[in-house]
Amino acid sequence: MTLERETFFEKFGTLFKQRSTHFLLQSKIDVSLQDETGGTQELIANSTKPQINPSAAVTSEGTLNVSPGNSSIDALYDEDALDDLYEKVLLEIINGNFNVQEVTEKTLFAYAQEVFKLNDKTHEEILKRARYKPMSEAYLRVELVEAKLNERPSVQGALNPFVIMYLQTDLTSKEKSTICKTTNHPVWKQCFSIPAAENSNENLIVEVYHWDSNISKVQKTIKLCKKYAYSCVRPKTSYQKLIGRTSIGIEGITSSGLVSWYTLSKNKRTDPQGTVKLKFHFSSGQNKEKAKRDHEMLTKMFLEYELNSSSVARYWWSGKFTSPGEAILKQHAICADLSDCEKALIYWNAYSAVHTSYPIAFSLFEGLMNKIYAYISSNAVDSDDLRKFWIGAKKILPSCFAVIIKLRKRIAGDNDIVKTVTSVLHMLTKLESIRNTCDIDLFNPGDYEYFKHKIEQNPQIQISEVTLLAVRTGARIWFDQSVKDVMKPNSSNEEKLINSIKLIQLLLSDIKRASTYYKATFQSIAKIDYTREICKQHETSVVTHIRPIVEAICKTFKKLTIRMDQHNRFGEMDALDMSTTVFHLYIVIRLFLEETDKELKSAHNADIVNFHRWFTGGITHWCDIFALKALSTVSHAIDHDQLEPEKDVEPKQSSSAAIFLTIVREMEKFWEELAWPDPVELNRFLKRSIGDICSCCIYYVDRISTKLHHPEANRKHADLPATLELVKKCALVNSNLSILIDVLKALPDVLGYYQVDINANEASEQMLPIMGLNSWKTKTLKLLTDHCMVAIKISMREALHKLDPIKRDVENFAEQSAAVIRDDLNGDDLKLVENMLWNRLTAEFGETMKSLIGVKTPIEKFSNLKDFYAMIAQAYLPETQELQQDRELAEKLYSLEKQLSLYSSSTRDLIHQYYLACLDAQLRLDEPDRGVLTVRCCLRNDSLEIQIISADGIKLPLDYKGNCDSYVKINLAPGYRYSDVQMPKTRTKSKNHSPTYNEKFTMKLSQEQREVPDALIVFNLKVSEMLGLSQRYVGECFVRMDSIPILESERDIKSIEVQQLFLTLPENIESDCISVLEYRQSDKEAVQFFKKLKQKLGKAAYTGSVISIY
């Protein structure tokens, strides 16, 4: 995440809190299994089916260039031995019975030839020998699986069955099973080998007996005698009771094997005695050790061939050969009479040998490990095979630990990495539990780069210890690489801080990822608290890499001297902003420590627990910056403060007060968010900050008061707007002072300054400058009253001679100043101002009346004075309106005010009132006069959009003889408010009294222009004649700006209804404005207005004037 640098002070506390909240939210967001910092693809495992990676080209890294001449094969097999092995494979293919639809003899020959990489000539020679070579001595392998026996009335309870089997022609060679006691559903799963060739005419006899364990000694003697006598003529080896027998023809058993249930019968009984399940397959009589070596060699060759031919991605192959390879290996295992244990060990050795050069799926090794583990645990593996197993394990272990070390690398298949880790941990755990059977050095130091010295110190190190080393090493290596990626050489201090924040955020993400995806797996399988170990390592990394950076940067901060006459040191401000990033780093480290505390509790790294001490120099520097920048900011705010209330802010305050309050609030947020853990040191910091802000407040009051005086001390004419602004400023400054006093009084408690042992007298002493601000409030209120009285006195003198020019200004001043007093002053302040103001007003009006009575004064002056008094009384004393009950006077005043309103209006306003009258006349029409214009109008964002659709029934002037070549011109009224807006017009439509224009225009309007009161859209329809050199008015129509809809940005103008406007000519418009405008013939705008009006009525020629009268 990139931290955007903003101004240090004005929003620093808020930004500080936002960063803290943002970092906290980031630490709670679920992280993906994939780490974006990784850069390689590895450690992939698939527990389902192998996937082909089409982009995985056969390269020197991934290709196993296996051939009969490969050095790994030459070590055990020379050319003759490979030919013999190939001949044996062909012989098994010829004599085998493969029940797979897509596997034919031809397919198998081709597959084997490609694996052994033999040319056609050599293949044909070996195939010819194989076809005429008989199979070696064969054995029938019989697996006695289970039986389901019927109950026998002569036997009390369940049976104790066992089985005897022999060839019908060889009564001397018999095989006997174990006895399954007390069950009618025995399960043996025992294997027997009986010499018998395939297609033999022999029959296999299988007999099931019940062993009677309750026979007496006399009965036993009799049975022994019978046994001896019967044994001379009958092939029974037991005197126990026969349950039933079955005879199986060997010629019906195929070379690929047979599994079947057989019915047991007994002489003199027609009903079945039960069933027995048997599995058959033939095998050769070759040497078992050589057969195992051959099978291992075939497995390696087949695997290496398929990895190269199919371009299987690394770590993706999971044990599934193609159909020809699977069939040949299965047939060879049958012929070699390999047990499940032997096959598991062979595959383990073969796969581990290939894994060193072309990694395959760990789930495959886990499956083999589960089988082999059971055999080793039951001592079913001989010493030679056990040694080979551990040699294979030694080859696999480096890649197992590499999985743990490189968990954070980007991989192609993130959803399977947990499965890979699970498989690896299961293997390591099982290997650890049978480590006592290992007689070799399991760890070669050269294979373990990162903890080589540990293995050299302890060659018999436990697998669990190496696993723990891998966890820690993985975290350390990942962080070191992250430091190299993030920390660029020759970085500035600011860049070092930002990059340190990135590193801590990476650590937080790694801890979250560890807790989410790996903690439960490591804990349940390997009994390793993965997240805890990660936290330990990451804390060490933070202390090692981040602490020196922070301490070195904090030492570079210099002590700042602060003087009131040197507060505007703006050139230094940008250089001071780096301390903001220091505290952002502080936040992230604090969140990091909170996260590790969930796992480590009290077992933290000793150096990181007091990490805040790394930043002590930064805090001291920040206090210096705070004082300097607070003073500079306040001074700058006062200079640029127009003493206007801030919008949407209550209570009212000016920009400088808002900025001052922002300083206080940002300071509060800063200390709250910083949460400095040392209370004594925190109190020292707070004491200084509070003292600095109080000094700034005194400076503020002294400077802001200088802006409340009128620049002309002895003026003869009333500058009412300026005086009104001064009144507002006085009230606003008074509000500012009230707010600041209240805030600063509460500041120590808000900051927690009293929570630490502090002397009460010192606290009161800190607040003494604040209490003195109340006297400044009284001076400000007296100044407000003085401004009101000066303006009223001067205006009164002017009103006696001529009220009209100043009446509106006086009204505005009186009403607005009174509103300011009522709205902005509260409680004691309002009462104090009202008392001072009316005491002085009554005295002033009394003196004026005396002076008028004492001399001969025209009546108009009294009338003016009365009106003036009415304005003042109505504004400042609303309840005195009851004095104006004289109806005759009220009517005269109304008539006078109406005339004054007209004659005091500007020419522009009178012209606009005329067009409003035209709009009223248009709205009163019942039928169109000159035609109908169809339009759509809307406001959207900062634009006025107008669509002129068509005109219907255009009526041309009677004296007009040309064609109806019409166009529409758009104007906005009052025009002087829209002087910077381009007024568009449509294209001319020729010879059409009902033309379709269908044109859309967009005019950019400012916010002020959109809010002009009584604004109009004026549509002038004209016709062109004499090739456009002359135009004639046809009619005009109007639309009020405030009546048109406002559209959202995505809506089309066509979604609103059309407006059909009646076109008219201003022939009979009733308006008092015309008579007033006629008296202003010396006014250029009035002259232009009447000139344009005559043109509309056809009484003057078109002049092409560009002066707008709208």
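This report walks through the cores, strands, charged pairs and cysteines of the structure above. The model is a predicted one, so please read every value as computed from it.

## Two nonpolar cores

A good place to begin is the inside of the protein. In soluble globular proteins, nonpolar side chains tend to be buried together. Here the largest nonpolar core holds 203 residues. Within this core, Phe389, Trp671 and Tyr876 touch the most other members.

Take Phe389 and look around it. Beyond its neighbours within four places in sequence, Phe389 is in contact with Leu345, Trp348, Asn349, Met369, Ile372, Ile376, Leu431 and Ile434. Apart from the largest core lies another one, of 35 residues, and Leu933, Val935, Leu956 and Val1023 are among its members.

## Strands and their partners

Now find strand β14, residues 1030-1040, in the picture. Of its 11 residues, 10 are buried, so the strand is mostly covered. Strand β13 (residues 1016-1025) pairs with β14 in the antiparallel sense, over 10 bridges. One place to see this pairing is Val1018, whose bridge partner in β14 is Phe1038.

Strand β12, residues 996-1004, shows another pattern. In a regular strand the side chains alternate between the two faces of the sheet. Which residues of β12 point to the buried face? They are Tyr997, Glu999, Phe1001 and Met1003. Thr996, Asn998, Lys1000, Thr1002 and Lys1004 point to the other face and are not buried. Strand β12 also has an antiparallel partner, β10 (residues 943-952), joined to it by seven bridges. In this pair, Ser950 of β10 stands opposite Thr996 in β12.

## Charged pairs

How many salt bridges does the model contain? The count comes to 34. Three of them are set out below.

| Pair | Closest N to O distance | Where the residues lie |
|---|---|---|
| Asp294 and Lys88 | 3.2 Å | helix α7 (residues 288-310) and helix α3 (residues 79-95) |
| Glu673 and Arg590 | 3.3 Å | helix α21 (residues 655-674) and helix α18 (residues 578-600) |
| Lys1096 and Glu1036 | 2.8 Å | helix α33 (residues 1084-1096) and strand β14 |

Let us take the pairs in turn. Asp294 and Lys88 sit in separate helices, so their salt bridge ties together parts that are 206 residues apart in sequence. Asp294 is buried, with a relative accessible area of 1%. The story continues with a third residue: salt bridges that share partners join Lys88, Lys290 and Asp294 into one network.

Glu673 and Arg590 link distant parts of the chain, 83 residues apart. Glu673 counts as buried at 10% relative accessibility, and Arg590 counts as buried at 14%.

Lys1096 and Glu1036 also link distant parts of the chain, 60 residues apart. Lys1096 is buried with a relative accessible area of 3%, and Glu1036 is buried with 2%. Glu1036 brings us back to strand β14, the mostly covered strand described earlier.

## A histidine beside the network

Is His332 buried or exposed? At 0% relative accessibility, His332 counts as buried. This residue lies in helix α8, residues 323-335. The side chain of His332 is joined to that of His295 by a polar contact of 3.1 Å. Leaving aside neighbours within four places in sequence, His332 is in contact with Lys88, Glu92, Ala291, Asp294, His295 and Leu298. Two of these names, Lys88 and Asp294, belong to the salt-bridge network.

## A leucine in helix α33

Helix α33 also contains Leu1093. At 14% relative accessibility, Leu1093 counts as buried. Outside its neighbours within four places in sequence, Leu1093 is in contact with Tyr914 and Pro1066. Glu1067 is 26 residues from Leu1093 along the chain, and their C-alpha atoms are separated by 9.4 Å.

## Cysteines without disulfides

A disulfide is a covalent bond between the sulfur atoms of two cysteines. How many disulfides are there in this model? The count is zero. Why does Cys696 form none? Its closest cysteine sulfur, in Cys697, is 8.7 Å away, which is too far for a bond, since the cut-off is 2.5 Å. Cys696 counts as buried at 3% relative accessibility. Another cysteine, Cys623, is buried with a relative accessible area of 1%.

Note on methods
Residues are numbered from 1 along each chain as its sequence is written. This is a predicted model: local features need pLDDT of at least 70, side-chain atom pairs count only at pLDDT 80 or more; totals for chains, interfaces and linings use all residues. Side-chain values use heavy atoms; hydrogens and water are left out. A nonpolar core is a set of buried Ala, Val, Leu, Ile, Met, Phe, Trp, Tyr and Cys residues joined through side-chain atoms within 4.5 Å. Buried means under 20% relative accessible area, exposed over 50%, partly exposed in between (1.4 Å probe, protein chains only). Contact means heavy atoms within 4.5 Å. Helices (H or I, at least four residues) and strands (E, at least two) are DSSP runs, numbered from the N terminus. Two strands pair if DSSP finds at least two bridges between them. A salt bridge is a side-chain nitrogen of Lys or Arg within 4 Å of a carboxyl oxygen of Asp or Glu. A polar contact is a pair of N or O atoms within 3.5 Å; within protein, one must be able to donate a hydrogen and the other to accept it, and residues adjacent in sequence count only if both atoms are side-chain atoms.
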